[in-house]
Amino acid sequence: MKNLALLGLSLFFNLIGYSQAFTIRDLSSLSDHLTYKRNNENTYTNIEGSPFLDENFVIGKVIINDSILIENVPLRYNIYSDKIEFKNANGQILEISNSGHVYQFKLGSHTFLETGYRTKNETEQGVLELLVNGNIKLYKKYRIELKEATKAIGFQDAQPNRFTPLDDEYLIAEGDAIPQVVKNSKILLEELKSYQPDIEKYIQKEKVRVKTESGLIRLIRHCNQ
């Protein structure tokens with residue numbers, strides 16, 4: 001019950017100040033309060049390609065409700081299932097399900113959050129990578145699809161079941177607002193003018209390529225100054 005009481009303290013911590021948080025050495029120790037779904041490694045054996053951002057597990061950190069810190073956790077991101085997976089002390093691979101808690105994951109240089117976001121007119125729940133933090137936040141949504149096997153037709157060879165990467169989506173959020181997909185660069189620039197009225201001059205002077213990830217990062221960082 002001590003862990004449950006600690007979860008209730010989450011409102012007193014902010015995202016940056018988790019250094020004051022309660023530290024747990026083993027993510028599995030919270031199994032009474034979190035729901036896990038076992039991942040079957042054999043699911044993808046007959047599929048070409050990989051559903052993972054990186055098939056290897058990376059030692060990282062998990063922050064729950066901005067208040068509980070779990071260190072030295074082997075983590076990886078399954079883009080297809082849109083879940084962060086971890087390996088427990090017994091070598092079992094499990095995935096963290098959405099159980100009403102707020103998660104932040106640090107995998108090497110990547111920071112992921114499980115959060116709601118808007119795409120077109122719909123609100124979805126999923127894992128986003130935080131690219132820029134500040135008053136204006138920039139997120140990245142990795143996407144992949146599973147294409148079914150096809151038979152040989154004419155000059156076209158047969159194709160196996162395969163994972164095919166899709167174009168990544170980028171999202172922005174002002175303050176604590178829900179992240180929204182960037183529809184196009186023209187709309188984005190109009191929105192950013194309220195922060196930097198000379199944004200177009202900055203783009204021309206610094207030769208910022210707005211349609212690239214690196215360009216978007218430079219642009220949002222400039223607006224946060």
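What percentage of the 225 residues in the protein chain is buried? In this predicted model, buried residues account for 42% of the chain's 225 residues.

## Overall make-up

The protein chain holds 4 helices and 14 strands. When contacts between residues at least 6 apart in sequence are considered, 55% of them join residues that are at least 24 apart.

## Two nonpolar cores

The largest nonpolar core consists of 24 residues, and V62, F105 and F112 are those with the most contacts inside it. At least two residues of this core come from each of the strands β3 (58-64), β4 (68-78), β5 (83-87), β6 (93-96) and β7 (103-107), and β4 gives the most, with 5 residues. Leaving aside residues up to four places away in sequence, V62 touches I68, L69, I70, V73 and L75, together with Y103, Q104 and F105.

A second core, separate from the one just described, has 19 residues, including L138, L189, V208 and I217. As a general background to such groupings, nonpolar side chains in soluble globular proteins tend to be buried together.

## Helix α3 and its surroundings

Helix α3 spans residues 199-206, and its buried residues are I199, Y202 and I203. Viewed down the axis of α3, these buried residues fall within an arc of 100°, so they line one face of the helix. An α-helix has 3.6 residues a turn, so residues three or four places apart point the same way. The face of α3 that is turned away from the buried side carries K201, Q204 and K205, which are exposed, whereas the cover over its buried residues includes α2 (185-192) and α4 (213-223).

The axes of α3 and α4 come within 11 Å and cross at roughly 135°, which makes α3 oblique to α4, and the crossing is right-handed. On the α3 side, the residues that meet α4 are I199, Y202, I203 and E206, and their counterparts in α4 are R218, L219, H222 and C223.

## Positive phi in two loops

Most residues other than glycine have a negative phi. Where, then, is D66 found, with its positive phi of about 60° although it is not a glycine? D66 is found in the loop between β3 and β4, and it is partly exposed, with a relative accessible area of 21%. Since buried means under 20% relative accessible area, the value of 21% places D66 in the partly exposed class.

K207 also is not a glycine and has a positive phi, of about 55°. K207 follows α3 and lies in the loop between α3 and α4. With a relative accessible area of 70%, K207 is exposed.

## The loop after β11

E148 has its place in the loop between β11 (144-147) and β12 (162-165), and it is exposed, with a relative accessible area of 66%. Although E148 and R162 are 14 residues apart along the chain, their C-alpha atoms are separated by 6.7 Å. When residues up to four places away in sequence are not counted, E148 touches P160, N161 and R162.

Technical notes. Residues numbered from 1 in each chain as written. Predicted model: local features only at pLDDT ≥ 70, side-chain atom pairs only at ≥ 80, totals over all residues. Heavy atoms only, no water. Core = buried A, V, L, I, M, F, W, Y, C linked by side-chain atoms within 4.5 Å. Buried < 20%, exposed > 50% of the residue type's maximum accessible area, 1.4 Å probe, protein only. Contact = heavy atoms within 4.5 Å. Arc of directions from axis to C-beta. Axes fitted to C-alpha atoms, helices over the stretch in contact; angles between N-to-C directions. Parallel < 35°, antiparallel > 145°, perpendicular 65-115°, else oblique. Left-handed = near helix turned anticlockwise from the far one by under 90°.
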